[in-house]
Amino acid sequence: MSAAAPAPRPTGPIRFSDAQLGEVRRLQALYPDRQAALLPVLRMAQDAFGCVSPEVEVYVGELFELSPAHVHEVVTFYTLFFQRPVGRHVISVCHNLSCSLRGAEDAVTYLQERLGVAAGETTPDGRVTLLRVECLCACEVAPMMQVDEEYVGPLDRGAIDRVLEGLR
Amino acid sequence: MTEPVLSRNFERPEARTLPGYRATGGYEAFRKALALGPEGIAAEVKKANLRGLGGAGFPTATKWGFIPPKRTGPVYLVVNADEGEPGTFKDRYILERDPHALIEGMLIAAYAIGCHTSFIYIRGEYVRPWRVFSEAVQAAEAAGLLGSNILGSGFDHRMIVHRGAGAYICGEETGLISSLEGKKGWPKVKPPFPAIKGAFGQPTVVNNVETLAAVPHIVARGGEWFAGLGSKTQGGPRLYSVSGHVTRPGVYEASVAITLRELLERAGGVAGGRRLKAVVPGGSSAPLLRADEIDVTMDVDGLRNAGTMAGSAGVVVMDDTTCIPEALHVVARFYAHESCGQCTPCRECTGWIYKITGRILAGKGVPQDPDTIVDVARRGVGSTICAFYDGAIGPYISYVEKFRTEFDHHVRHGACDVRPGAPVRAGGH
Ligand SMILES: Cc1cc2nc3c(=O)[nH]c(=O)nc-3n(C[C@H](O)[C@H](O)[C@H](O)COP(=O)(O)O)c2cc1C
Ligand code: SF4
Ligand code: FES
């Protein structure tokens, strides 16, 4: 398993670069209605600024001439948008049916022990955010988890140890 | 085992490239489709008895036929790659291992319904599938298989790859359309159906990944051939996602006429030589079958007659160590979490039932609780905007009714009779 590059930390003012703004305009022109580019642009914003904070919502709203309230409603609907900064790595453990039949709770317990945080929390050094999630649709490798972009499973203590060693 | 059709490229990594896909006849079906013309294609798909493989099992040719023939605006094809039904992972295999089969199927479907722009909505968590599929689209564009005047036919088509952001309900076709339009993924009241007023207010066909990946085979080898591989009322093989307590979890291609027992045998049977207790045959929304109910065929009608559903063909196997109340708690947590909250019965009942299963597992259940689950579940039926809630009640009612004694034991003794002394493990919130 190769862990993806650590997520960039929120830095500087909330403004896209000219190149990023060009991409925003390309996405807005791609669809029959430019609002359809909202999710892709929110994803870009999260990658660029670390999370979708209220300030990011205002900024993205301006790019679409949408009210911050509307953007907020969209952001809060989806689990992949983070409203607060997360760790450099995000570990999402599936706790749905197939994974739970094959020991997802043991995996969650062991991850919590190793990281010293409960699911939903970030380690104090900002290295890892641990989350519980619903079926990631890789039940053939249950119990499994997503580590940044990669799927990892089946999980046992050894597999979890190897993943954690690779995360900086 | 019969010759693989839908999975024929799964173990051929070279098929992910355009030359590798073309080497075994790839895009020849599209060429043939251009010669057949829209009506000819629709006729083959109808003869094939192809039924939607996303969950509802609706006949594909009929769905395409709902697109109004006289229109002034565009018509859209939206591919549902938001795979999210617990226990299902077959669309991921197609996206990752046979992306050009899907592109070819999309092209044929688009040509058949007169569509020049299609959207594929891929669940946000699927990063690698999205990358592989996007690269295949770029390769098809570079080769002139997408764009204007494709293969000199005069047909224009472009594909837009769109990524979701995490929400099960966006797999429901109208929720998916709302999400594609840049809104929260709230399902919409039908009618109007998407075929009349869908994405961006235009006539739209929403099809599942696997449904479309089957289309090139139908065009290449004929609808009759495909129909002959299935049951009387449903053609073809399909991809079964098999997981849980099974020896070899994975994706299995088999006829829709296979029995559940045969399918489980192909997956090596119950893991560790244990006894079978129950099986979910079609994704977590399908009612549970007991071990003595697995001599059923897996087609839409076979499973419907058995009181359950074929759904997404996600088969989840439970052995005799499974605590059914705990399994229901896990499933109830999912539905409580994923209800979009728009309809009061769905929002309230999913939350209420999750509370009851939690209380039963915590040893704080009361004797009426199992009845209350069934009663609460039935209350919301028929009064919701989308089929999410109908899906949720499948497990609520079947788990309780088929394994009532396990629920009663938990309530009476505050402990599990299946794994005596074991800690109750369904954690979370
Ligand atoms: C709650 C809910 C979730 C659904 N999730 C999916 C899904 O993840 N993928 C899918 O293809 N269809 C899903 N469906 C079915 C779609 O609404 C739709 O019927 C399907 O995409 C149509 O394609 P088909 O006719 O090719 O099967 C879901 C339906 C409901 C009610
Ligand atoms: S049935 Fe449930 S998921 Fe569907 S629209 Fe109503 S509240 Fe949302
Ligand atoms: S239940 Fe965990 S990936 Fe499906």
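For charge counting, Lys and Arg are positive and Asp and Glu negative, with His and the chain ends left out; each charge sits at NZ of Lys, CZ of Arg, CG of Asp or CD of Glu. This is a predicted model, where local features need pLDDT of at least 70, side-chain atom pairs count only at pLDDT 80 or more, and totals for chains, interfaces and linings use all residues. Residues are numbered from 1 along each chain as its sequence is written, chains are lettered from A and ligands numbered from 1 in the order in which they are written, and side-chain values use heavy atoms, without hydrogens and water.

**Exercise 1.** Work out how the charges of chain B are spread.

*Solution.* Start with the tally: chain B carries 48 positive and 43 negative side chains. Next, compare the centres of the two sets, which lie 3 Å apart.

**Exercise 2.** Find the buried residues of helix H4 of chain A and say how they are arranged.

*Solution.* Step one: helices are DSSP runs of H or I with at least four residues, numbered from the N terminus, and H4 spans residues 68-77.

Step two: pick out the buried ones (under 20% relative accessible area, 1.4 Å probe, protein chains only). They are A:Val71, A:Val74, A:Val75 and A:Phe77.

Step three: look down the axis of H4(A). The buried residues fall within an arc of 165 degrees (by directions from the helix axis to the C-beta atoms), so they line one face of the helix.

Step four: check the cover, counting contacts as heavy atoms within 4.5 Å. It includes helices H2 (38-49) and H3 (54-64) of chain A.

**Exercise 3.** Give the buried share of chain B.

*Solution.* Of its 429 residues, 62% are buried.

Notes:
Buried means under 20% relative accessible area, exposed over 50%, partly exposed in between (1.4 Å probe, protein chains only). Helices (H or I, at least four residues) and strands (E, at least two) are DSSP runs, numbered from the N terminus.
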